[in-house]
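Please read the following points with the sequence and the model side by side. They are written for a colleague who has not met this structure before.

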Amino acid sequence: MDYLEGLNPPQREAVEHAEGPLMIIAGAGSGKTRVLTYRIAYLIKTKNVDPFQILALTFTNKAASEMRHRIERLIGLEARNTWMGTFHSIFAKILRVESEKLGFPSNFTIYDTDDSKSLIKSIVKAKNLDEKVYKPNTVLSRISGAKNRLISWENYINDPYIKADDEAAMKPRMGEIYRAYQKRLFKSSAMDFDDLLFNTNVLFRDHPDVLNKYQQRFRYVLVDEFQDTNLSQYLITKKLAAVHQNICVVGDDAQSIYAFRGADIQNILNFEKDYPDLYVVKLEQNYRSTKNIVEAANSIIEKNKAQLKKNVWTQNDNGDLIELIKSASDNEEGRMVASTIFEEKNNKKLQNSDFAILYRTNSQSRALEEALRKMNISYKIVGGLSFYQRKEIKDLMAYFRYVVNQDDEEAFKRIINYPKRGIGLSSVEKMMVAAYEHDIPLWQVVTNSSSFLAGRAANSVSDFSTMIKSFRMEVERKDAYEAASTIAKQSGLLRELYEDKTIEGLNRYENVQELLNAIKEYVDNPDNEDKNLGAFLQEIALLTDNDRDKDEMDAVTLMTIHSSKGLEFRQVFVVGMEEDLFPSQMMMQSREDLEEERRLFYVASTRAMEKLYFSYAITRYRFGRLLDCEKSRFLDEVDPNCIRVTKRRGQQPIGDHFGQSNGREGKSGFVGLKTPSVRKNTTAKVYTPSPDFKPSNTNNLAAGMKVEHPKFGYGKVLKVEIEGLNKKATIGFDNFGEKTLLLSFAKLRIV
Ligand code: ATP
Ligand code: MG
């Protein structure tokens, strides 16, 4: 098998491991994901395993599709038929088929976080509880934590320890909210994200025949990023693999960063107990990064007490030292990063997509975005307020959802009076209360509005229900694109946006068009068998933010460290390396928390292939105030042999630097405002001026002229400006990049 030649001996051993449980525990960049990919190819090609019998679970949809492509490259189209996806997407698919066993219709809606929070808000309100105590965020994460540990609302309410815990936290009604939340979800024929896994567990527990069917189907189960699975996910995999025992998991305990979502490193440790005949393979050679980066990363993770011993090494070159960038403010940090990217791109002929900027929290992106935009560098933000979270998109999607599932209360609330049709909040509440009190589906109230409402409102609701019925027919008869276009138009939503001629309005209108384009693309894609609007909705509900980026665009990637898992980039900036920001203030309750933050730092650092930068600012706007910041303790933990401090252009105001440069550089007759490209350790060579070099009079120097400089060689004048008494020129040198020089000092020969 020649394709197995791209593997080292332990990798190959893992790929060729025969039947039985297998665990690959290895450091970052050592080829874990590669091994999974090759193993699937090997099973299909060499072991003649039917691709339909292979289930591969990944952390993001993007990782799944990348894996699919790589396998296709190895063995061709046959790879298509493997079951590959995130836990959520695979088990949502299975739940669609089996939902009736759990009392759900197959067209159940998947609530996103916003829907869940809005539902919690209305429950807290209905119960007359204090919204400041029962904040939707807090309540949701408490419920989510319970579900991830498979604690149902019944168990929750009856557990004395949980009860004591909630009472101590002054939130004694939590269990009651959990119960109401589940009841309302059920009534809306909806599941939230955690329910997808929770209900799969219930399904497998209560329906052995169903479990058996899937156990037979998936003869081989493979899991990437196993260190980040929670109990709910772990039990699903364990149950599925119970018959064949062909379970292969890969992970790195040093990269476990989802404890806050219930992920448990214990799963790795328990694995050996659960499978006594487990075969363990360790991979220690890193193929991704330079020696400097690997050694720095090792020095970081070494500080953690709780970890499995690993010795990650690489045969790659030493590479550049890690650069430490210090800025005066968050805005300056943005400028420094942007200008460094600009320089590196030009000097090394790199693409925008070779760079990533990683931060601890989404809100840090603003200053970076501004700087990138000013320098005309395209970028994309992964995560944050993504396309599908914009209001106009959620509104139209709510129409789609409601047409597909009339029980969906959150969708109903969004669209019943949007665009305005004279149905006030009190009428909406009356209808919801009526449904609740009579214990009938909301849709029944909507279709019999005159029994519950009076006058104009009753008529409007009746028109609304007629409209929804007609949309329903569209959805049944036509494909997703045709149905969606009709709904967008006839609901009045498109017109509403079209009539708003402000820039934002125009933008919103375009976004809606973009959504319709996406649906068209979905319909035209031969991979999608079911072209129905319901199928499209399901697909969208399961996209994680990571999957929504436009891969085809050449752009710098901006994202949180959490979303960077498993990815690699040639150059990586880890920004905002300040105390209270990273490590995060919110995560400093205990030693475990600090260790998790450190693992996060390890994940960030190991994304870089060739060059890594750490950056911090000494002041930063946070919580609406300018705060003084202290350099992160993590920076002191990095092996000092791997790192050096950089000073770059734009770092200091001209005046400051002028003072500093009066010394040595001044004597040589040259005052550079900044000398970023003559850093030690770079490829820049010293220039020897031509023998007849004589400085010219630069009084009439102008943009576009070619000049020679005794140190920087030839270049082109980009602009000449006057600042105070000084005249300065920005010159793009052929080999030394862009520099700004004061003309009263600089020796230039006009050529
Ligand atoms: P992470 O922990 O970040 O998820 P990983 O262990 O999954 O990393 P991979 O992404 O599989 O690592 O591999 C890292 C890089 O090294 C990839 O570019 C991969 O193609 C390359 N690589 C891995 N093994 C080999 C090998 N034997 N020969 C050449 N390149 C390899
Ligand atoms: Mg990986």
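1. The shell around ligand 1 divides into four nonpolar, 10 polar and five charged residues. This is a predicted model, and the points below should be read with that in mind. In total, 19 residues surround ligand 1, and the closest of them are Gly31, Lys32, Thr33, Arg34 and Tyr287.

2. Which element gives the largest share of the shell around ligand 1? That share, three residues, comes from helix α2, which spans residues 32-45. At the level of domains, ligand 1 lies between domain 1 (9-100 + 199-283) and domain 3 (313-386 + 547-646), because both of them give residues to its shell.

3. A record can be set beside this picture. For "binding site", an unreviewed UniProt entry lists Ala26, Gly27, Ala28, Gly29, Ser30, Gly31, Lys32 and Thr33, and among the residues closest to ligand 1 are Gly31, Lys32 and Thr33. Ala28, one of the listed residues, is placed in the loop between β1 (22-26) and α2. Is Ala28 buried or exposed? It has 25 C-beta neighbours inside 10 Å and therefore counts as buried, since 20 or more are needed for that term.

4. The UniProt annotation "domain: UvrD-like helicase ATP-binding", also from an unreviewed entry, covers residues 5-290. Over residues 5-290 the chain is 52% helix and 13% strand, and the C-alpha atoms at the two ends are 23 Å apart.

5. The domain assignment of the chain gives domain 1 (9-100 + 199-283), domain 2 (109-188), domain 3 (313-386 + 547-646), domain 4 (389-526) and domain 5 (705-750). Between the C-alpha centres of domain 3 and domain 5 the separation is 32 Å.

6. Strand β2 (residues 54-58) deserves a separate look. Five of its five residues are buried, so β2 is largely enclosed by the rest of the structure. In a regular strand the side chains alternate between the two faces of the sheet. In β2 both faces are covered, with Ile54, Ala56 and Thr58 buried on one side and Leu55 and Leu57 buried on the other.

7. What are the pairing partners of β2? Strand β6 (residues 220-223) pairs with β2 in the parallel sense over four bridges, and strand β3 (residues 83-86) likewise pairs with β2 in the parallel sense over four bridges. Ala56 can serve as a point of reference here, for its bridge partner in β6 is Leu222, while in β3 it stands opposite Met84. Together with helix α3 (residues 61-75), β2 and β3 make a right-handed β-α-β unit.

8. Two peptide bonds should be inspected for their cis geometry. One joins Tyr418 and Pro419, with omega about -5°, and Pro419 sits in the loop between α18 (409-415) and α19 (425-438). Another runs from Phe582 to Pro583, with omega near 5°, and Pro583 belongs to the loop between β15 (569-574) and α27 (591-605).

9. Backbone angles call for attention at two further places. Met170 is not a glycine, although its phi is positive at about 60°; it lies in the loop between α8 (160-168) and α9 (174-187). Met170 is exposed, with 8 other C-beta atoms within 10 Å. Asn376, also a residue other than glycine, has a positive phi near 60° and is found in the loop between α16 (365-374) and β13 (379-381). Asn376 has 8 C-beta neighbours inside 10 Å, so it counts as exposed.

10. Finally, two pairs of residues relate distance along the chain to distance in space. Phe471, in helix α22 (residues 455-477), is buried, with 22 other C-beta atoms within 10 Å; from C-alpha to C-alpha, Phe471 and Lys273 are 54 Å apart in space and 198 residues apart in sequence. Asn641, in the loop between α28 (633-637) and β19 (643-646), counts as exposed with 11 C-beta neighbours inside 10 Å. Asn641 and Leu321 are 320 residues apart along the chain, and their C-alpha atoms are separated by 8.2 Å.

Terms used
Residues are numbered from 1 along each chain as its sequence is written. Chains are lettered from A and ligands numbered from 1 in the order in which they are written. This is a predicted model: local features need pLDDT of at least 70, side-chain atom pairs count only at pLDDT 80 or more; totals for chains, interfaces and linings use all residues. A residue is near a molecule or strand if its C-beta atom, placed from the backbone, lies within 6 Å of it. Ala, Val, Leu, Ile, Met, Phe, Trp, Tyr, Cys and Pro count as nonpolar, Asp, Glu, Lys and Arg as charged, and the others, Gly among them, as polar. Domain bounds come from an automatic or database domain assignment. A residue is buried if 20 or more other C-beta atoms lie within 10 Å of its own, exposed if 12 or fewer, and partly exposed in between; C-beta atoms are placed from the backbone. Two strands pair if DSSP finds at least two bridges between them. A crossover is right-handed if, with the strands pointing away from the viewer, the path from the first strand over the helix to the second runs clockwise. UniProt positions are given in the numbering used here, feature names are shortened, and annotations may be inferred rather than shown by experiment.
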